[in-house]
Amino acid sequence: MIVSASYKTDIPAFYGEWFINRLDAGYCLMVNPYGRQVYRIRLEREHVDGFVFWTKNLGPFFDRLAIVQERGYPFLVQYTINGYPRTLEFSVVNPERSIEHMKSVSEAYGPEVAVWRYDTIIFSSVTPPDFHRSNFERLSRALEGTTNEVVVSFAQIYQKTLRNMNWAAKKFGFTWEDPADEVKLSLLNDLAEIAKSHKMQLTMCSQPQYSVSGVINARCVDVDRLSKVADCPIGAGLKGNRPGCGCYASKDIGEYDTCPHGCVYCYAVLNRELAQSRFREHDPEGEFLFEPKGYMGDAEDVRDSDKQVGVQIRLI
């Protein structure tokens with residue numbers, strides 16, 4: 001089993017202590033965001049083929065990566081570095097620091113471990129297409145030799161995204177749009193050429209309709225890459241998380257509405273205030289990253305993530 005930590009929140013930046021505590025315990029509990037069942041995810045080494053960490057700031061977690069490696073777990077790092085204005089990313093670490101973190105990961109653990117994400121691409125009056133061309137070139141140049149892949153995607157405007165983008169645009173005085181495909185494809189062609197010139201493959205996350213020449217579909221949970229890191233084959237089938245997703249099967253241990261980075265385009269956060277509140281309430285000693293209200297704590301009511309058996313947890 002591959003464990004994703006986590007596309008729902010930034011565990012390395014904010015919840016590293018909890019993660020190591022759960023490794024010590026050998027399991028964690030997570031809530032299915034749709035059916036609200038609670039699952040026990042086994043984290044013992046014999047049950048975990050490897051981890052995929054997703055982050056915008058690896059600094060607080062860097063020393064903990066050494067613990068993960070010492071315990072024999074292979075891992076990948078999906079590292080988002082956008083370099084956007086603060087009006088879009090309120091409290092994300094300075095991109096120059098993230099670049100140094102990513103270089104350190106590559107030097108310490110090998111060039112297959114870290115994958116750069118320029119994600120998600122926002123079209124606005126502060127980030128027009130030409131901004132992305134020059135910004136992507138600057139970041140690509142700085143990251144050359146650190147990774148061989150850069151993952152991109154265009155913003156998918158869910159209802160919460162629409163609300164948060166409109167709020168930020170009004171508050172900070174910018175405009176934004178979801179442009180025609182011609183604009184996106186033109187930009188993609190240029191980004192693919194820039195990536196190639198810096199020895200990276202441009203891959204497209206969950207949007208195969210934009211896979212133009214020079215761009216291939218991303219597998220963010222990537223068995224082939226993880227097998228190279230582990231130096232042994234890892235068996236897992238393709239099982240995307242949404243239409244168009246090319247990922248292999250994994251179990252995600254995060255929780256929505258818990259990341260306080262403040263990225264207004266984020267699909268995983270209803271609003272920053274809620275995420276900040278949950279971050280303050282987080283218990284690093286707890287079984288859950290964020291315990292659901294009404295959880296009764298009856299062990300027989302918890303489904304095992306491997307066997308998928310049991311009854312629905314009592315949540316009130």
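Student: By class, how many nonpolar, polar and charged residues are in the lining of the second largest cavity?
Tutor: Happy to start there: this is a predicted model, where local features need pLDDT of at least 70 and side-chain atom pairs pLDDT 80 or more, while totals for chains, interfaces and linings use all residues. Residues are numbered from 1 along each chain as its sequence is written, and side-chain values use heavy atoms, without hydrogens or water. L29, M30, V31, I253, G254, E255, F288, L289 and F290 form this lining (a cavity is a set of points on a 1 Å grid over the protein atoms alone where a 1.4 Å probe fits but cannot get out; lining residues have an atom within 4 Å of a point). With Ala, Val, Leu, Ile, Met, Phe, Trp, Tyr, Cys and Pro as nonpolar, Asp, Glu, Lys and Arg as charged and the others, Gly among them, as polar, the classes are seven nonpolar, one polar and one charged.

Student: V31 is in that lining; what is its bridge partner in strand 3?
Tutor: Strand 2 (residues 27-31) and strand 3 (residues 38-42) pair in the antiparallel sense over five bridges (strands are DSSP runs of E, at least two residues, numbered from the N terminus; pairing needs at least two bridges). In strand 3, the partner of V31 is V38.

Student: Which strands are the edges of the open sheet?
Tutor: Its eight strands follow the order 11-10-8-6-5-4-1-12, with parallel pairing. An edge strand pairs on one side only, which here gives strand 11 (215-217) and strand 12 (251-252).

How values were computed
Helix = DSSP H or I, 4+ residues; strand = E, 2+ residues; numbered from the N terminus. 1 Å grid on protein atoms, 1.4 Å probe; cavity = no way out; pocket = protein on both sides within 12 Å on 5 of 7 lines; lining within 4 Å.
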